[in-house]
Amino acid sequence: MPESEPSTEALSVGQRVVVLGKRKGTVRFVGSTAFGPGEWVGVELDKPTGSHDGGAHGHRYFTCPAGHGVYVQRQGVLPVNSWQAAANQIQSMLRGRKDRQETDYKRAFHTWNQMEMGDESDYLNQTATISRVENMLRTYHPASTPMPNGNSAVSMSKAAGVSITPLDWGEDMQVEASYTGPHLKFPLTLANVQQVLHHIRTKPYELIHRKYVCQLVGRSVDLFNKLLKNSVYDMAVPDTPDGKLVICGDTHGQLADFLWVLKQNGEPSPENGYLLNGDIADRGENAVEILVITLMYKQLYPANVSINRGNHENIEMNRRGADHGGGFFDEVKSKYDANVFMMFSQLFEVLPIATVVQKKVFVVHGGLFRRDSVLVQHLRTLNRRRQCPTSTDTIEDSLLFDCMWSDPWDFHGVAKAAHRGQNCIRFGPDVTRRFLGNNSLSLCIRSHEVPQSLRGFEDRHDGRLITVFTASNYCGQTGNFGAVVIFHSDMSYTVEEHMAPTLDDLVDEYTAESEGRQSQTAGVSSSADAPAPQHTAAHMEKHKEKMEDDLLSKLDKKILMHKDDLWWYWEHVDPDGTGKVSAAVWRHGMASALQLDLPWFNLQKSLVQVDKDGNVNYKEFLDRCKPKMEEDSKLVESGWDQKIIKNVYESLLSADMNLKELMALFDQDGDGVVTPQEFKHAIMTANIQIPETQINALLRAIDRDSSGKLKVSAFLDRFQVVYSRAADQGLSSIETEEHRRIKGLLSKVGTGLLAGKSRVEVFEKMDINKDGFISREEFYEACNQLAHEVSGEDRTAMWNYVDANGDGHLNYFEFCAAFQVVDMSDGEGGAVTEIVEVIVSALQKNMSSLEFAFRFFDQKGVGNVSVDDFKAGLRALNSAVTAGPPLTDAQLDVLVEFVDQDHDGRVDYEEFLKAFKLNPTTTRFSEEKKTGSMRAK
């Protein structure tokens with residue numbers, strides 16, 4: 001017998017009830033009211049979550065404390081002991097839990113997405129430095145490159161030796177007999193295209209031959225040039241009863257999503273058009289295959305298949321690593337070579353910047369414009385055959401830039417989008433309304449970002465603007481749905497969302513189909529007419545954890561890159577040198593130095609431990625983050641870092657001062673204490689060529705007790721230990737057996753001289769004539785006074801060793817370097833670690849600019865340059881960085897010496913850049929804390 005609905009129980013005053021399945025209270029009134037028909041119940045709630053004190057809308061039926069009263073219709077109130085009340089409470093609790101999970105999931109995505117946008121922002125912010133590097137190289141090396149300003153892909157390809165006639169590409173290449181993949185024969189046939197598509201579906205990791213890719217790209221460049229008379233493409237929905245146009249958003253090399261869309265919506269055909277709205281390139285591993293498929297069908301159905309250009313169809317963006325928002329250059333070079341990349345780059349420059357569908361729908365990758373009264377006709381006249389500008393000074397540059405980079409927001413007008421980067425904007429609903437009205441259009445479709453809802457599309461601006469994003473589970477992290485917009489022949493449209501299966505699962509399915517076997521993938525699709533697809537609790541938790549882990553890994557790199565700024569921020573609000581700041585100041589420092597608007601309160605739980613006084617030990621936090629060089633790089637074990645430190649030490653020794661001058665130099669106010677400010681001033685006054693970031697690192701290595709101040713004698717002792725140790729390490733790999741014997745003698749002499757005394761005290765005692773230096777005779781006299789015998793021959797050998805510059809006397813630093821003793825205050829790493837950190841971080845910050853400098857000389861993209869050009873590139877970067885040069889000229893010479901280890905006069909700059917790629921140790925203070933932090937309730 002089926003279970004019947006429970007009957008409504010009568011309620012009485014004083015009875016305990018549950019209101020709307022959530023709030024408990026006591027009945028104070030039951031009956032008719034002036035609020036509406038039916039029976040009403042007045043309840044005094046246990047907690048002040050009500051609306052009044054029993055009086056509402058001019059009527060009062062009971063009295064209770066203010067904020068505890070509520071009137072509810074009878075069906076919304078159930079006795080506390082009712083089974084339905086319990087069920088409602090459970091359901092409410094479960095709904096609340098799911099809502100919290102969804103909120104946490106979306107918050108994790110928002111934070112992760114801010115970091116992703118930060119990578120693009122870094123690219124745009126680096127363009128100013130790149131411009132200064134380029135201007136400097138063009139000024140001092142005018143004959144090195146024929147490339148005009150603007151660096152179009154055509155001119156760069158020409159300089160690299162690529163034919164200026166696209167139809168020639170690949171024609172002179174041979175297909176090896178060992179090649180087992182599909183062959184392309186032009187003009188293409190449907191059977192030939194389907195053969196290649198089947199190969200990509202079933203064997204995506206077996207490359208299409210380089211010859212065919214070059215031929216396909218070349219013919220596509222030629223075709224786009226012929227079809228596009230201007231920079232905006234006009235496209236129609238196929239005019240057949242079943243005709244449709246599928247518009248894809250960003251795919252970012254995620255081949256599984258594109259194959260899934262083809263599977264669900266059919267391959268391109270006379271009845272089935274496709275428009276890919278940019279950002280095919282970068283981040284994912286298979287942009288080449290997506291482009292090959294699309295371009296083949298473009299050859300078959302020129303009017304029905306097209307691609308808009310996105311901000312990632314750009315050379316400098318493509319050359320960034322995949323972990324910094326790029327990756328397409330690396331993908332193409334690993335599969336083919338740099339010349340093929342330049343061919344794709346030429347293709348990108350001939351793609352339309354926007355498409356108008358059926359004279360009604362405007363499709364653009366980024367969005368609308370900062371300039372008012374923009375007409376489509378203005379866009380048609382833009383010069384698209386160039387790299388996307390990063391400046392927005394001219395109208396033409398700003399329009400092209402906004403097509404690629406702008407984002408919508410829900411407020412009127414235009415505003416800067418600092419999270420996106422320099423010159424980026426956000427546009428409001430009024431901008432969309434005016435643009436569509438001025439151009440007799442009804443809808444704008446754009447892509448460029450994962451919707452905040454983590455669905456594959458988003459309706460904005462009163463239904464006039466749609467964001468569509470096709471890459472589901474973006475970057476393998478976010479768990480978002482992907483989507484496509486489908487226009488039908490009557491210009492009605494639907495949105496279809498999906499969660500694509502993995503590429504391997506799709507390959508298995510296609511392979512099974514070709515072999516006549518049954519296979520079912522785990523992909524999901526739904527249309528916008530159906531209920532919105534839902535993320536399960538397990539799905540949200542899984543991808544929230546993925547995004548959090550990825551975010552923390554990226555934060556490690558950001559922290560290392562901005563470590564000197566973090567030191568500066570916190571040390572300047574810690575005048576007593578405690579090494580601690582309040583948790584609030586720690587958060588402010590992270591936001592200020594890293595320039596990231598992240599939820600630092602939540603993140604601090606994963607990164608630092610707050611003590612009982614509410615403070616954070618920032619020195620311990622920063623000491624945990626160390627750079628690790630690429631272990632397989634030839635540079636790692638070459639000793640370049642030790643020699644750089646030795647080079648700095650020699651710069652200090654070159655300031656040949658007597659002891660009195662030296663103490664006055666470091667203690668300008670004569671109070672017997674050296675402050676950080678006095679130390680920096682002293683280094684600069686002595687004209688010692690060390691970048692300020694390295695000075696800060698040196699000071700941190702010296703001030704190991706974190707006091708911030710040291711007595712002059714103690715400071716000079718500490719100073720020499722830090723640098724004599726570094727100098728000793730720098731020499732250890734090249735010293736002879738005789739050098740080691742002399743050092744042993746010096747160690748014995750030093751032990752006798754320095755026993756129980758400070759170095760300053762011993763130096764003053766040895767300086768018999770009080771001129772602030774130790775002469776040869778004074779050195780010999782000190783040796784003679786020691787208990788153990790030192791032969792005349794050994795005295796002479798020791799003197800020649802310690803008086804390295806042969807000026808006939810020892811200054812204080814030379815004396816200290818001669819008589820080294822163990823000083824545990826230097827701790828592990830010391831100056832070597834501190835200074836190498838700032839060098840590696842500075843190079844990493846400016847990696848795009850440095851790579852550009854090297855490529856300026858590497859016209860053919862072979863990956864190596866001459867030693868002189870390598871040095872010129874580094875010098876250009878040194879001069880272009882406004883925050884100060886990463887290296888001194890002398891340090892630069894050291895690097896050059898070590899990177900040309902085979903002495904062939906060439907430098908593999910790609911190996912060099914790889915060696916300096918940041919691989920930081922984690923800043924997370926414990927695995928236990930990491931796993932329980934951001935994921936805690």
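**Burial, helix packing and ring contacts in the predicted model**

Of the 937 residues that make up the protein chain, 56% count as buried, and it should be kept in mind throughout that the model is predicted. The secondary structure of the chain comes to 34 helices and 30 strands. Among the contacts between residues at least 6 apart in sequence, 71% join residues at least 24 apart.

Burial can be followed down to individual helices. In helix 30, which spans residues 847–857, 11 of the 11 residues are buried, so this helix is largely enclosed by the rest of the structure. The buried residues of helix 30 include Phe 852, Phe 854, Phe 856 and Phe 857, but also Glu 851 and Arg 855, as well as Ser 848 and Ser 849. Helix 11, made up of residues 395–405, is mostly covered, since nine of its 11 residues are buried. Among the buried residues of helix 11 are Leu 399, Leu 400, Phe 401, Met 404 and Trp 405, together with Asp 397 and Asp 402.

Rings that lie close enough to be paired form a further set of contacts, and the count comes to 33 aromatic pairs. In one of these, the ring centres of Phe 854 and Tyr 909 are 5.4 Å apart and the ring planes stand at 40°; because this angle falls between the limit of 30 degrees for stacked pairs and that of 60 for edge-to-face pairs, the pair is tilted. The pair links distant parts of the chain, with Phe 854 in helix 30 and Tyr 909 in helix 33 (residues 909–915), 55 residues apart. Phe 854 has a relative accessibility of 0% and, since buried means under 20%, counts as buried; Tyr 909, with a relative accessible area of 1%, is buried by this rule. Elsewhere, ring pairs link Phe 29, Phe 35, Trp 40, Tyr 61, Phe 62 and Tyr 71 into a cluster.

Rings also meet charged side chains. The charged end of Arg 795 sits over the ring of Tyr 780, at 4.4 Å from its centre, and Arg 219 lies over the face of Phe 186, 4.5 Å from the ring centre. Phe 186 is also the starting point of a peptide bond to Pro 187 that is cis, with omega near 0°. Pro 187 is found in the loop between helix 2 (153–159) and helix 3.

Helix 3, which covers residues 190–202, packs against helix 5, their axes coming within 11 Å and crossing at roughly 130°. Because that angle lies outside the ranges for roughly parallel, roughly antiparallel and roughly perpendicular helices, helix 3 is oblique to helix 5. The crossing of helix 3 and helix 5 is left-handed, and the contact is made by Leu 197, Ile 200 and Arg 201 of helix 3 with Leu 255, Leu 259 and Leu 262 of helix 5. An α-helix has 3.6 residues a turn, so residues three or four places apart point the same way. Helix 5 (residues 255–265) also contains Trp 260, which at 4% relative accessibility counts as buried. Although Trp 260 and Ala 500 are 240 residues apart along the chain, their C-alpha atoms are separated by 6.2 Å.

A second pair of helices is formed by helix 8 (residues 328–335) and helix 9 (residues 338–350), which pack at an angle of about 135° with their axes 8 Å apart. That angle makes helix 8 oblique to helix 9, and the crossing of helix 8 and helix 9 is right-handed. On the side of helix 8, Phe 328, Phe 329, Val 332 and Lys 333 take part in the contact, and they meet Ala 338, Val 340, Phe 341, Phe 344 and Phe 348 in helix 9.

Two loop residues call for attention through their backbone angles. Most residues other than glycine have a negative phi, and most peptide bonds are trans. Asp 282, however, has a phi near 80°, a positive value in a residue other than glycine. Asp 282 lies in the loop between strand 10 (272–276) and helix 6 (287–300), and Asp 282 is buried, with a relative accessible area of 0%. Asn 473, which is not a glycine, has a positive phi of about 45°; Asn 473 is found in the loop between strand 19 (465–468) and strand 20 (482–488).

Terms used:
Residues are numbered from 1 along each chain as its sequence is written. This is a predicted model: local features need pLDDT of at least 70, side-chain atom pairs count only at pLDDT 80 or more; totals for chains, interfaces and linings use all residues. Side-chain values use heavy atoms; hydrogens and water are left out. Buried means under 20% relative accessible area, exposed over 50%, partly exposed in between (1.4 Å probe, protein chains only). Helices (H or I, at least four residues) and strands (E, at least two) are DSSP runs, numbered from the N terminus. Rings of Phe, Tyr and Trp (its six-membered ring) pair if their centres lie within 6.5 Å; planes under 30 degrees apart count as stacked, over 60 as edge-to-face and the rest as tilted. A charge sits over a ring if NZ of Lys or CZ of Arg is within 6 Å of the ring centre and within 35 degrees of the ring normal. Axes are lines fitted to C-alpha atoms, for helices over the stretch in contact, and angles run from 0 to 180 degrees between N-to-C directions. Angles under 35 degrees count as roughly parallel, over 145 as roughly antiparallel, 65 to 115 as roughly perpendicular and the rest as oblique. A crossing is left-handed if the near helix is turned anticlockwise from the far one by less than a right angle, and right-handed if clockwise. Contact means heavy atoms within 4.5 Å.
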